[in-house]
Structures are given as C-alpha cells and as structure tokens.
Amino acid sequence: SKISHELRTPLTSILMFAEMVSDGHSDPSEQELCIEGIQREAYRLQVQIERLLEWGRMEAGQRRYERTRLDPGDIVEEAVEVFHGTAPGRDLPIAVELSHPLPAIEGDRDALEDALLNLLGNAFKYTGEEKRIAVGAAAEGDVVRLYVRDNGPGIPRREQRRIFQKFYRVDDRLSRAVEGAGLGLAIVHHVATGHGGRVEVDSEPGRGATFSILLPAAGEGEDTP
Ligand SMILES: Nc1ncnc2c1ncn2[C@@H]1O[C@H](COP(=O)(O)OP(=O)(O)O)[C@@H](O)[C@H]1O
Ligand SMILES: [Mg+2]
C-alpha cells in the first residue's frame, strides 16, 4: 500500500547510506553527504510514523482534544514558525494574514497547529516553482476561519470531497510525482470536526486552492486573553 511505500522508501535509503559509510571506500566529502542523507531520510521516516500513530489514535477514538482558550493568531504564527524550522519550509516566505478583531477559540493548541502544518505541507509540495503561500485567520460572525492558500494547480471539483478521506490521493501526474500516504487531510478533517467545526476547500483548477478550518468562536469567557 501507499503507507508501506512511505515507510520503506526512507528506510531503504538510510540502510544504503549507512552501508556506503561503513564499507570504508568513500572519501570524507562523500561520507558527509551520506550522513546528511541519513538525517534527512530519518526525519522523513519520523514524520510518517508520527502521522500514522496520530491517525491510529483518531481511528480508535482515543484522540482527546484539550479545550483551552486560544488566540487564533497565535496558532497561525506558531504554525508558520514550526514550518520554517522544517527542511522544506526553510527558505520560503509565507504571508501571514490576521484580521482584527479576532475572537478567541477553544481547543487543542497542538492539534490545531498540526492541522495547519499539514495544510502548509500540502501547499508547499503541490505548488510549482513560484510558490505563493499565505496562511491566516479571519472572523466570520460566530465562526473563526483558519486558512492556507496556495497558487498551485488546485483540485478538480469532483475530487474536492474525496481528498478528505483516509488514504485518498488524486490520481494525476502531480500527485504521483509527489510523495504522500493520503492521511494529511483526513487528520485535518478529524481535528476540525473534533472541535465542533468543519473543513472547506475552495479551488478552481489552475488557480490555486484555499483550505479552511472553520471553528466556533469561544463565548465571552471570564479569562479573555
Ligand atoms: N494544496 C493542494 N493542491 C493540490 N492538491 C492537493 C492539495 N492538498 C491536497 N491535495 C490533493 O489531495 C490529496 C490528499 O491530500 P493529503 O490527505 O494531505 O495526502 P497526501 O499529501 O499524503 O497525498 C493529495 O494527494 C492531492 O492529490
Ligand atoms: Mg498531505
């Protein structure tokens, strides 16, 4: 399946690099490249395993969400910061769009950040050369919209519902060229509904895509941040 491919590929690379270092025939600069390769592939493997375990907890009904009062702007900014700390995000400027005022939301900081990171990861990997990616938060009545927008190829209308199903990937040239197990959007969907919200995708093929997580705004709490 796609999952076993996603796990085996980095593991095979790690073993290959390790063998090249240990057989003693490579020079120091080659060895350095091998070590870098081992680090990169091990990181990939770690991300895949974490995601698989997270999905396992979700499917088993064991993923409990905290309900902390949160500033949506903080979630957006922290997700961008984490993304910039990852290999793919290192050099990519990302526009942050925060409307004012933004009501607080109630939820699980880690889960919401992780959901935005999944969307950012997709925006990065499915968008071509000149990537323009924005992430933001906006208030719409009693709802707070967290969104990620890209200028990639977009998603055909008939696929827009199915992409949130577990393991589903659009069967086109782009998605075949890009690696993935098809779990990211299923996780995003679980996080949104687990917070009493929903997901939305707005895309016209060829003109990019905007993925949103719509969450109920928190009531007037005593402890307004
Ligand atoms: N920003 C995007 N632009 C174009 N297609 C996308 C985007 N995000 C997701 N998709 C499509 O939706 C599918 C499911 O996404 P996801 O669940 O994150 O799985 P994965 O990224 O592992 O393939 C992808 O395989 C891709 O076909
Ligand atoms: Mg994904």
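Six elements each supply at least two residues of the lining of the largest cavity: helix H2 (28–59), H4, strand E5 (143–150), helix H5 (173–177), H6 and strand E7 (209–216). Helices (H or I, at least four residues) and strands (E, at least two) are DSSP runs, numbered from the N terminus. H4 gives the most to this lining, with four residues.

The model is predicted: local features need pLDDT of at least 70, side-chain atom pairs count only at pLDDT 80 or more, and totals for chains, interfaces and linings use all residues. Residues are numbered from 1 along each chain as its sequence is written, chains are lettered from A and ligands numbered from 1 in the order in which they are written, and side-chain values use heavy atoms, with hydrogens and water left out.

**Cavity and pocket**

On a 1 Å grid over the protein atoms alone, a cavity is a set of points where a 1.4 Å probe fits but cannot get out. A pocket is an open set with protein on both sides within 12 Å along at least five of seven lines. Lining residues have an atom within 4 Å of a point. A volume is the space filled by probe spheres set on the points, which are joined across faces, edges and corners.

The structure holds one cavity of 30 Å³ or more. The largest cavity has a volume of about 450 Å³. Its lining has 29 residues; Asn122, Tyr126, Ile163, Ser175 and Leu185 lie nearest the centre.

The largest pocket has a volume of about 1,100 Å³. It is lined by 29 residues, and Tyr43, Val47, Arg51, Thr86 and Pro88 are the closest to its centre. H2, helix H3 (72–84) and H4 each supply at least two residues of this lining. H2 brings the largest share, ten residues.

The table below gives residue classes. Ala, Val, Leu, Ile, Met, Phe, Trp, Tyr, Cys and Pro count as nonpolar, Asp, Glu, Lys and Arg as charged, and the others, Gly among them, as polar.

| Residue set | Nonpolar | Polar | Charged |
|---|---|---|---|
| Lining of the largest cavity | 16 residues | eight residues | five residues |
| Lining of the largest pocket | ten residues | eight residues | eleven residues |
| Shell around ligand 1 | nine residues | six residues | three residues |

**Ligand 1**

Ligand 1 sits in the largest cavity; that is, more than half of its atoms lie within 2 Å of the grid points. It is surrounded by 18 residues, the closest being Tyr126, Asp150, Arg169, Ser175 and Gly182. A residue is near a molecule if one of its heavy atoms lies within 4 Å of it. Helix H4 (109–125) and helix H6 (184–194) each supply at least two residues of the shell.

Polar contacts (pairs of N or O atoms within 3.5 Å) involve oxygen atoms of the ligand. An N or O atom in the side chain of Arg169 is 2.5 Å from an oxygen atom of ligand 1. For a polar side-chain atom of Lys125 the distance to a ligand oxygen is 3.0 Å. Ala181 places a backbone N or O atom 3.0 Å from an oxygen atom of ligand 1. Taken alone, the ligand exposes 530 Å², and the protein buries 98% of that. Accessible areas come from the Shrake-Rupley method with a 1.4 Å probe.

**Backbone**

The peptide bond from His100 to Pro101 is cis, with omega near -5°. Pro101 is in the loop between strand E2 (95–98) and strand E3 (105–107). Phe167 has a positive phi of about 70° although it is not a glycine. Phe167 is in the loop between E5 and H5.

Methods. A polar contact is a pair of N or O atoms within 3.5 Å; within protein, one must be able to donate a hydrogen and the other to accept it, and residues adjacent in sequence count only if both atoms are side-chain atoms.
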